[in-house]
Amino acid sequence: MIYFDNSATTLIEPTVLKTYQKVSQDFFGNPSSLHHLGDQAQQILNSARQQIAQIINCQTDEIYFTSGGSEGDNWVIKGTALEKRQFGNHIITTNVEHPAVSNAVHQLEKLGFEVTYVPVDKSGHINPQDVQAAIRPETILVSIMAVNNEVGAIQPIKSVAKILQDYPNIHFHVDAVQTVGKDLAAQIQDPRIDFMTFSGHKFHGPRGVGFIYAKNGRRIAPLINGGGQEDNRRSGTENTPAIVAMARALRLATQDQVAQAKLQNHLRQMLYQHLQNLDNAVVFSQLDTSFAPHILCFALRGVRGETIVHAFEQEDIYISTTSACSSRKGVEPITLAAMHVPDQLATSAVRVSLDANNTISEMQQFIKALDKIYQHFQVLN
Ligand SMILES: Cc1ncc(COP(=O)(O)O)c(C=O)c1O
């Protein structure tokens, strides 16, 4: 099997799974319980928080655990809206966000909030000046993804951060779900960022767990009320095994990330260069540093994306149409639409997404299968 669908989800790392099992069995106490089993669970939870904070380069009390990327995005967006509604009702985001952001702001629009959607250019990037131009006295939040999950475009987060230095009251949220282990910190981390969203299953951690970075002093209202866990901000008994396992996965994904990102970039180049030889292939991702090393989106003219996905599946190779969320619903790829790719071509798009486990030999086999599939459809067309 060749698995090139790592932006949809990743296989849990074997030692991470072991950690999950061990913590489930040996530290099953509720971290809020007063007895020593509770203490043990609380301690192991604290050390996971510390490890994550160290890797993300922030304070321990700036990390809050969630159920994943969707919750993190919803929490920061709706939590900001609830917390700051007396100061304003305007939100700025882009028109290429993951549905966890775009549908959260759509819901707020129905409640009377106003949203400006900053457009992207042909390559999938926003222009920071458009963010500047959209800012109003009543703007409370700017939410921009770091790496686009469909084409891999890296948004100019640092330039937006620079602009927002002049607007200290606006919350700046970055969806960083697609960034872990890709050696992108220099491009996307900035002290002006107030909130970042992360998701465990995108870096070989367990499903259903994630975390947000929330800068000290920045407040968002809780969305999940209850027993007051996570410093009264996100209630619910902590998922200790998943959290501890996620901390381990984060360490493993980041410790060798320079070399790993380099290899993924090399594999991506191999595919990109090969696609240049196919007359009816169109590539939407580029090789320069404004694209993440692990995502390549391309189309084969005249063949629907899902047909390409299934043709690869016949070869025991797994890829996606442009995002896992849109795949089954047959939704048009939103990023390609925003890049003004014609509908007919956009419906032929597929996404290859790599990770540290992928090899040169796998890419060679992928290219072989691609040639076979390409020839097949050339004959049919
Ligand atoms: C950019 C981005 N944000 C948010 C999410 C949602 O994360 P989760 O699946 O953990 O809810 C994803 C998942 O694909 C994503 O790619």
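This is a short talk on two sheets, a ligand site and the cysteines of one predicted model.

Hi everyone, and thanks for coming. Please keep in mind that we are looking at a predicted model throughout.

Let me begin with the seven-stranded sheet. Its strands follow the order β2-β8-β7-β6-β5-β3-β4, the sheet is open, and the pairing is mixed. At the edges sit β2, residues 63-66, and β4, residues 114-118, and each of these pairs on one side only. On average, neighbouring strands here are turned by 20° against each other, if you ignore direction. As a quick reminder, strands of a sheet pair through backbone hydrogen bonds, either parallel or antiparallel.

Inside this sheet, I'd like you to find β7, residues 195-199, and β8, residues 210-214. The two run antiparallel and are joined by five bridges. Which residue of β8 does Ser199 stand opposite? That partner is Gly210.

Hold on to Ser199, as we meet this residue again at the ligand. The ligand is surrounded by 13 residues, and the closest are Ser70, Asp175, Gln178, Ser199 and Lys202. Now for some distances, which I suspect this group will like. From Ser199, a polar side-chain atom lies 2.6 Å from a ligand oxygen. For Ser70, the distance from a polar side-chain atom to an oxygen of the ligand is 2.7 Å. His201 joins in too, with a side-chain N or O atom 3.0 Å from an oxygen atom of the ligand.

Next, the other sheet on my list. Here three strands make an open, antiparallel sheet in the order β9-β10-β12. Its edge strands are β9, residues 281-283, and β12, residues 349-353, each pairing on one side only. Neighbouring strands are turned by 30° on average, again ignoring direction. Between β10, residues 295-300, and β12 there are five bridges, with the two strands antiparallel. If you want a pair to click on, Phe298 stands opposite Val350 in β12. And what packs on this sheet? Helix α10, residues 257-276, does, touching β9, β10 and β12, and its direction makes about 20° with that of β10.

Last stop, the cysteines. How many disulfides does a search of the whole structure find? The count is zero. Are Cys58 and Cys297 buried or exposed? Cys58 has a relative accessible area of 17%, so it counts as buried, because the cut-off for buried is under 20%. Cys297 is at 0% relative accessibility, so Cys297 is buried as well.

That's my tour; over to you for questions.

Terms used:
Residues numbered from 1 in each chain as written. Predicted model: local features only at pLDDT ≥ 70, side-chain atom pairs only at ≥ 80, totals over all residues. Heavy atoms only, no water. Pairing = 2+ DSSP bridges. Helix = DSSP H or I, 4+ residues; strand = E, 2+ residues; numbered from the N terminus. Axes fitted to C-alpha atoms, helices over the stretch in contact; angles between N-to-C directions. Contact = heavy atoms within 4.5 Å. Disulfide = S-S within 2.5 Å. Buried < 20%, exposed > 50% of the residue type's maximum accessible area, 1.4 Å probe, protein only. Near = heavy atom within 4 Å. Polar contact = N/O pair within 3.5 Å; in protein donor to acceptor, adjacent residues only side chain to side chain.
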